[in-house]
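User: I would like to examine one part of this protein closely, with every term explained as it arises. Please begin with the whole chain and then turn to the part in question.

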Amino acid sequence: MSQQAKVVTGINTRLSYANVWEPKSINGGKEKYSVSLIIPKSDKKTITAIEKAIDAAIQEGIGKFGGKKPNKATLKLPLRDGDVERDDEAYQNSYFINANSITAPQIVDKHVQPILDRTEVYSGCYARVSINFYAFNTNGNRGIACGLGNIQKIRDGEPLGGHASASDDFTAIDDNSDDDFLS
């Protein structure tokens, strides 16, 4: 993997569909760690770096494409438009990339110390993520895939995925309330 095809995303990258602690098999395939990275369109630096890395991966993958540089429009590309492809508020004004790996990512905090508490890193939190791009050509599918490297949690965010917290579901009950439903 070349340095040209590697990117570390900006601090406003949000994790979604984060399967970063345990590998999961999707449709009976090989078990993988995976995450969808939501990158705001305003983060031009990250988007530009990703576009350059995809171009580098196309160049490096020429061997997989029969020795000729393919027309980019004919390839499956990993950078997708959240406004077009997702009817989900979390993806508005953003691009997204699905990254995966068969090896576990290292997951660290802002001080690059390992995060051991699995509740700390979840769909909805913000993180910098190292990703790398590589060419694939399997069963007539040609394109650039995104490999998941490591994750550095930057800050908490509103959890994604519809899991309400207990404090959202319930109000505190006063022990001396009149409607003592236990009696």
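What percentage of the contacts in the protein chain with a separation of 6 or more is accounted for by residues 24 or more positions apart? After that, please look closely at Ser123: where is its place, and which residues does Ser123 touch, not counting residues up to four places away in sequence?

Analyst: This is a predicted model, in which local features need pLDDT of at least 70 and side-chain atom pairs count only at pLDDT 80 or more, while totals for chains, interfaces and linings use all residues. Residues are numbered from 1 along each chain as its sequence is written, and side-chain values use heavy atoms, with hydrogens and water left out.

Residues 24 or more positions apart account for 69% of the contacts in the protein chain with a separation of 6 or more; a contact means heavy atoms within 4.5 Å. The protein chain has three helices and eight strands, and along the sequence these follow the pattern β-β-β-α-β-α-β-β-β-β-α. Helices (H or I, at least four residues) and strands (E, at least two) are DSSP runs, numbered from the N terminus. Of the 183 residues in the protein chain, 40% are buried. Buried means under 20% relative accessible area, exposed over 50%, and partly exposed in between, with a 1.4 Å probe and protein chains only.

Ser123 has its place in the loop between β6 (107-108) and β7 (126-138). Although it belongs to a loop, Ser123 counts as buried because its relative accessible area is 16%. The side chain of Ser123 reaches two backbone nitrogens: that of Tyr17 at 3.1 Å and that of Ala18 at 2.9 Å. Each is a polar contact, that is, a pair of N or O atoms within 3.5 Å; within protein, one must be able to donate a hydrogen and the other to accept it, and residues adjacent in sequence count only if both atoms are side-chain atoms. Not counting residues up to four places away in sequence, Ser123 touches Leu15, Ser16, Tyr17 and Ala18, together with Glu158, Pro159 and Leu160.

One of these partners, Leu15, extends the picture. Leu15 has its place in strand β2 (residues 14-24) and is classed as buried because its relative accessible area is 0%. With residues up to four places away left out, Leu15 touches Val35, Ser36 and Leu37, and also a run of residues that includes Val121, Tyr122, Ser123, Gly124 and Cys125. The contacts of Leu15 further include Ala127, Val129, Ile151 and Leu160. Leu160 is therefore touched both by Ser123 and by Leu15. The C-alpha atoms of Leu15 and Ile39 are separated by 9.1 Å, while the two residues are 24 apart along the chain.

Cys125, one of the residues that Leu15 touches, is buried, as its relative accessible area is 0%. Cys146 is likewise buried, with a value of 3%. The structure holds zero disulfides, a disulfide being a pair of cysteine sulfur atoms within 2.5 Å.

The loop that holds Ser123 also contains Val112. Unlike Ser123, which is buried, Val112 is exposed because its relative accessible area is 54%. Phi of Val112 is near 60°, a positive value in a residue other than glycine. Asn139, in the loop between β7 and β8, has a positive phi of about 45° although it is not a glycine. At 81% relative accessibility, Asn139 counts as exposed.

Strands β2 and β7, mentioned above, also help to line the largest pocket, whose volume is about 840 Å³. On a 1 Å grid over the protein atoms alone, a pocket is an open set of points where a 1.4 Å probe fits, with protein on both sides within 12 Å along at least five of seven lines, and lining residues have an atom within 4 Å of a point. Grid points are joined across faces, edges and corners, and the volume is the space filled by probe spheres set on the points. Of the 28 lining residues, the closest to the centre of the largest pocket are Lys32, Lys76, Asn98, Asn100 and Ala145. The elements that give two or more residues to this lining are β2, β3 (32-40), β5 (94-101), β7 and β8 (141-155). By class, the lining has twelve nonpolar, ten polar and six charged residues. Here Ala, Val, Leu, Ile, Met, Phe, Trp, Tyr, Cys and Pro count as nonpolar, Asp, Glu, Lys and Arg as charged, and the others, Gly among them, as polar.
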